[in-house]
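Let's walk through this model together, starting inside and working outward. Keep the structure open as you read.

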Amino acid sequence: MEAVERLSITEELRRLMARYVRYADHQRWDDLANLFTPDGTFSPHKPDGTVWLHMNGRDEIAATVGSSGGPGVTLIHHLFSDEIDVDSETTAHGVFAMEDIVTRPEGAAVSDTIPFRGMHGFGHYHARFVKVDGSWQVAELKQTRVRLDFTA
């Protein structure tokens, strides 16, 4: 594969992940889920490495991510450095440093499902990408955490 083609794919994948965080911040859950393959998976993990949630397929991703903060939530996501490896013309994988801030409205109920009013997280997205019908999609997304700070 030529260097220019590899760089072009790398930029397409950066833009894909930029859309992912923009759609999350604007709570465009169906658009976010459509960045995944129909059978794509998303698994956020806790700082201790255990799986917090595991979602299979676009419908489950849209429904679960969309309800995870509760009504009136404000989301902020940042992506920083990335390491993208292009495996072939139709497959790639990468790691993206990330930070997210979740703020729920004053008086929002804290529960076992949503154990915070505010959350500030740091970690990485580990992604596996495939090109389907000319478009890059996320086949698998794993979010690992280095740190999570909660406020009640």
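F36 has a relative accessibility of 0%, so this residue counts as buried (buried means under 20% relative accessible area, exposed means over 50%, and partly exposed is in between, with a 1.4 Å probe and protein chains only). F42 is buried too, with a relative accessible area of 5%. Before going further, a word on ground rules: this is a predicted model, where local features need pLDDT of at least 70, side-chain atom pairs count only at pLDDT 80 or more, and totals for chains, interfaces and linings use all residues. Residues are numbered from 1 along each chain as its sequence is written, and side-chain values use heavy atoms, with hydrogens and water left out.

Back to the rings. A pair of aromatic rings is described by the distance of the centres and the angle of the planes. Here, rings of Phe, Tyr and Trp (for Trp, its six-membered ring) pair if their centres lie within 6.5 Å; planes under 30 degrees apart count as stacked, over 60 as edge-to-face, and the rest as tilted. That rule gives seven aromatic pairs. One of them joins F36 and F42, a tilted pair with 6.4 Å from centre to centre and 40° between the planes. Ring pairs also gather Y20, F36, F42 and Y125 into a cluster.

How far apart are the ring centres of F116 and F150? They sit 5.3 Å apart with their planes at 20°, so this pair is stacked. F116 belongs to the loop between β4 (91–103) and β5 (118–132), while F150 is in strand β6 (residues 135–151), so the pair ties together parts that are 34 residues apart in sequence. The two partners differ in cover: F116 is buried at a relative accessible area of 6%, whereas F150 is partly exposed at 41%.

Now for the overall layout. There are three helices and six strands in the protein, where helices (H or I, at least four residues) and strands (E, at least two) are DSSP runs numbered from the N terminus. Along the sequence they come in the pattern α-α-β-β-α-β-β-β-β. The radius of gyration is 16 Å, close to the 15 Å that the globule rule gives for 152 residues, so the protein is as compact as a globular protein of that length. (That radius is taken over C-alpha atoms, and the globule rule is 2.2 Å times the number of residues to the power 0.38.) The C-alpha trace spans about 55 × 30 × 25 Å along its principal axes. Of the 152 residues, 40% are buried. Among contacts with a separation of 6 or more, 57% come from residues 24 or more positions apart; contact means heavy atoms within 4.5 Å.

Next, a couple of spots worth a look. D100 lies in strand β4 and is buried, with a relative accessible area of 4%. Its side chain makes a polar contact of 2.7 Å with the side chain of R145. (A polar contact is a pair of N or O atoms within 3.5 Å; within protein, one must be able to donate a hydrogen and the other to accept it, and residues adjacent in sequence count only if both atoms are side-chain atoms.) Leaving out residues up to four places away in sequence, D100 touches several others, including I76, H77, F122 and Q143.

P44 is in strand β1 and is buried at 8% relative accessibility. Its C-alpha atom is 6.3 Å from that of T144, though the two are 100 residues apart along the chain. Beyond neighbours within four places in sequence, P44 is in contact with V51, W52, L53, M55 and Q143. For contrast, try S8 in helix α1 (residues 3–25): S8 and L53 are 45 residues apart in sequence and 33 Å apart in space, C-alpha to C-alpha.

What about the backbone? Most residues other than glycine have a negative phi, and most peptide bonds are trans. Q27, which is not a glycine, has a positive phi of about 55°, and its place is in the loop between α1 and α2 (29–33). D133, also not a glycine, has a positive phi of about 50° and lies in the loop between β5 and β6. Q27 is partly exposed at 32% relative accessibility, while D133 is exposed at 78%.

Finally, confidence. The protein averages a pLDDT of 94, and 99% of the residues score at least 70; pLDDT is the predictor's confidence in each residue, from 0 to 100. Confidence is lowest in helix α3 (residues 57–67), with a mean of 91, and highest in strand β1 (residues 36–44), at 98.
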